[in-house]
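The exercises that follow are meant to be worked through with the sequence and the structure side by side. Each one sets a task and then gives a solution that goes step by step.

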Amino acid sequence: MQRLLAPVALLVLLMIILASSMLYRVDETEQVIITQFGEPVGKPITTPGLQVKLPFIQTVRRFDKRVLEWDGSPDQIPTLDKRFILVDTTARWRIVDPLLFFQAVGDERSAQSRLDDLIDSAARDVVSGHRLIQVVRNFERELPLQDLEEAATIES
């Protein structure tokens with residue numbers, strides 16, 4: 001009886017290992033892409049539940065479905081009239097197409113790095129291309145010419 005117990009226990013252990021490498025769970029807050037040897041296989045999985053993959057060959061790549069936060073570092077930027085202001089940028093973003101995201105960027109860390117470059121340079125371009133009064137006011141309303149002339153005389 002004991003001779004039979006060891007092979008059965010080993011077989012059960014192997015079945016558990018095989019099942020754990022075949023099955024994976026998709027949470028409702030994430031979306032998944034299956035990769036095989038680094039290349040995406042099939043369509044993205046966006047519905048939550050238990051899924052099956054090939055064991056040891058395919059890898060599960062998980063991406064967040066929720067709105068993600070990007071927070072830039074505060075930086076002093078000169079305006080067109082050579083006044084320095086402290087600008088602290090922030091943004092919210094979401095992965096809409098996980099397959100395209102994976103092919104273009106790879107992972108969230110790379111995306112955050114790209115956002116650092118894009119948003120910081122865009123903020124720097126906007127601030128340095130306008131005078132201080134134009135940067136801090138609401139762009140939707142017209143600024144009277146008289147206020148612009150008064151601001152120019154104060155600067156001089």
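**Exercise 1.** Decide whether Arg66 is buried, partly exposed or exposed, and then find the side chain that it meets in a salt bridge.

*Solution.* Keep in mind from the start that this is a predicted model.
Step 1: Arg66 has a relative accessibility of 48%, so it counts as partly exposed, since the exposed class begins over 50%.
Step 2: The side chain of Arg66 meets that of Asp64 in a salt bridge, with 3.0 Å from N to O.
Step 3: Asp64, in turn, has a relative accessible area of 15% and is therefore buried, so that this salt bridge joins a buried residue to a partly exposed one.

**Exercise 2.** Work out which parts of the chain are tied together by the salt bridge between Asp75 and Arg124, and how exposed Asp75 and Arg124 are.

*Solution.*
Step 1: The side chains of Asp75 and Arg124 meet at 2.4 Å, N to O, which lies within the 4 Å that a salt bridge requires.
Step 2: Because Asp75 belongs to strand 7 while Arg124 belongs to helix 3 (residues 108-128), the pair ties together parts that are 49 residues apart in sequence.
Step 3: Asp75 is partly exposed at 32% relative accessible area, and Arg124 is likewise partly exposed, at 34%.

**Exercise 3.** Examine the salt bridge that Asp27 forms, and state how exposed Asp27 and its partner are.

*Solution.*
Step 1: The partner of Asp27 is Arg25, and their closest N and O atoms are 3.6 Å apart.
Step 2: With 27% relative accessibility Asp27 is partly exposed, whereas Arg25, with a relative accessible area of 56%, is exposed.
Step 3: In the full count there are five salt bridges, one of which is this pair of Asp27 and Arg25.

**Exercise 4.** Count the aromatic pairs, and classify the one formed by Phe63 and Phe101.

*Solution.*
Step 1: The count comes to three aromatic pairs.
Step 2: In the pair of Phe63 and Phe101 the ring centres are 5.5 Å apart and the planes stand at 85°, so the arrangement is edge-to-face, the class for planes over 60 degrees apart.
Step 3: Phe63 lies in strand 5 and Phe101 in helix 2 (residues 98-104), so the pair ties together parts 38 residues apart in sequence.
Step 4: Phe63 is buried at 3% relative accessibility, and Phe101 is buried at 12%.
Step 5: Both rings belong to one aromatic cluster, in which Phe63 and Phe101 are joined by Trp93 and Phe102.

**Exercise 5.** Locate Phe37 and Lys82, and describe the backbone feature of Phe37 and of Lys82.

*Solution.*
Step 1: Phe37 sits in the loop between strand 2 (30-36) and strand 3 (39-45), and Lys82 in the loop between strand 7 (75-78) and strand 8 (84-87).
Step 2: Although Phe37 is not a glycine, its phi is positive, at about 55°; Lys82, also not a glycine, has a positive phi of about 65°.
Step 3: Phe37 is exposed, with a relative accessible area of 70%, and Lys82 is exposed, with 68%.

**Exercise 6.** Find the nonpolar surface patch that includes Phe37 and Phe56.

*Solution.*
Step 1: Phe56 is found in the loop between strand 4 (49-52) and strand 5 (58-64), and is exposed at 66% relative accessible area.
Step 2: Together with Leu10, Leu13, Leu14, Ile17, Leu18, Leu54 and Ile57, the residues Phe37 and Phe56 form a nonpolar patch on the surface, with about 930 Å² of accessible area together.

Notes:
Residues are numbered from 1 along each chain as its sequence is written. This is a predicted model: local features need pLDDT of at least 70, side-chain atom pairs count only at pLDDT 80 or more; totals for chains, interfaces and linings use all residues. Side-chain values use heavy atoms; hydrogens and water are left out. Helices (H or I, at least four residues) and strands (E, at least two) are DSSP runs, numbered from the N terminus. Buried means under 20% relative accessible area, exposed over 50%, partly exposed in between (1.4 Å probe, protein chains only). Patches are made of residues with over 30% relative accessible area and no salt bridge: like charges are joined within 9 Å, nonpolar side chains (Val, Leu, Ile, Met, Phe, Trp, Tyr) within 5 Å. Accessible areas come from the Shrake-Rupley method with a 1.4 Å probe; for residues, only the protein chains shown count as cover. Rings of Phe, Tyr and Trp (its six-membered ring) pair if their centres lie within 6.5 Å; planes under 30 degrees apart count as stacked, over 60 as edge-to-face and the rest as tilted.
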